[in-house]
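Subject: Structure for you to look at

Dear colleague,

I am passing on the structure we spoke about, and below it you will find an account of what came out of going through it. Please have the model open as you read.

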Amino acid sequence: IKVGKYFASEIDKHAIKVTMENYPNTIQIGDVVNVKAKDLPKIDLIIGGSPCQDVSNLNKFKLGLDGNKSSLFFQYWRIWQETNPKYFLLENVAGNKSAIDKITKLMGVRPIKISSNWVSAQNRMRLYWTSIPINSLPKKENIFLSDILQKNVDRKYYQNESWLKWWENNSGFQLSKGYSTLNSDKAACLTKRMYSSWNGNFIKDEFGIRRLTPIECERLQNVPDDYTKFVDDKHRYEMLGNGWTVDIIAHIFKHIPKSK
């Protein structure tokens, strides 16, 4: 797709840095709350994914679109209405039914449910609302976690003794709840907080038990190796957990009619 101007509404300085290092022509316009259509040219395509935390079924408070984070969906909806673009794409988790039904009603289309495991080694079920005339699903690629692992991984990614002791005492419970995986065929869904708490995807080999590297997480999202290298590991994990699976989005965009 030939892009004339790409406007990005982002407030995370680390995400902004990664964007600008990879796509320096991106026009950063700040907090979505302050974005007004009158300040923009004619928009052909609006894409976005409002925060999923309050919509997720894992959230015990079940606030849905009334939550402080997920309520940002209404900013996407407002700007979509104001700009009246040719096409739109909205992404969120397959979660809280009342929230999903409300989004569906406001966007005027039913969502398409696609798991990233069709095109990557990650189980990541997501809903996509779009006006792009999609008539096919992605091809199943049968990619497994073992296919994307790096060799000669830095020792800093291996867990320390206290963590290993915790794992021995709790891994049965954690694995049964799906908070962690160990040598799984497919990785569990990447999240913003992976590895900042006692969960995530882990590999056991002759050297011990280790977390996935940022590059391996990039591969799970179909992102080029070292795409996020401009910030520290903590923020690389966070933005990859927040991000989209590239090949899913690319498949959807392939259905945009060619300009005459």
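Leaving aside its neighbours within four places in sequence, Arg236 is in contact with Pro214, Ile215, Glu218, Asp226, Thr228, Lys229 and Val231. This residue is found in helix α7, and because its relative accessibility is 8%, where buried means under 20%, Arg236 counts as buried. Please keep in mind throughout that this is a predicted model.

Helix α7 (233–242) also belongs to the elements that give two or more residues to the largest nonpolar core, together with α4 (145–148), α5 (161–177), β8 (200–205) and α6 (214–220). Which of these gives the most to the core? It is α5, with four residues. The core holds 23 residues, and those that touch the most other members are Leu145, Trp163, Leu212, Cys217 and Leu220. If you would like one residue from which to explore this region, Leu212 touches Leu145, Leu149, Tyr157, Tyr195, Asn201, Ile203, Cys217, Leu220 and Tyr237, when residues up to four places away in sequence are not counted. There is also a second, separate core of 15 residues, which includes Leu40, Ile79, Leu127 and Trp129. As general background, nonpolar side chains in soluble globular proteins tend to be buried together.

Turning to the sheets, strand β8 lies in an open sheet of three strands, ordered β7-β8-β9, in which the pairing is mixed. Since β7 (180–182) and β9 (208–211) stand at the edges and each has a single partner strand, one side of each is left without a neighbour in the sheet. On average, and ignoring direction, neighbouring strands here are turned by 25° against each other. The pairing of β7 with β8 is parallel and runs over three bridges, with Ser180 standing opposite Gly200 in β8.

The other sheet to look at is also open, and its four strands follow the order β3-β4-β6-β5, again with mixed pairing. Here β3 (45–48) and β5 (112–115) stand at the edges, and because each has a single partner strand, one side of each is left without a neighbour in the sheet. From one strand to the next, the twist averages 20°. Strands β4 (residues 87–93) and β6 (residues 125–130) run antiparallel and are joined by five bridges, and the partner of Asn92 in β6 is Leu127, a residue that is also included in the second core.

With best wishes

Definitions and conventions:
Residues numbered from 1 in each chain as written. Predicted model: local features only at pLDDT ≥ 70, side-chain atom pairs only at ≥ 80, totals over all residues. Heavy atoms only, no water. Pairing = 2+ DSSP bridges. Axes fitted to C-alpha atoms, helices over the stretch in contact; angles between N-to-C directions. Core = buried A, V, L, I, M, F, W, Y, C linked by side-chain atoms within 4.5 Å. Buried < 20%, exposed > 50% of the residue type's maximum accessible area, 1.4 Å probe, protein only. Contact = heavy atoms within 4.5 Å.
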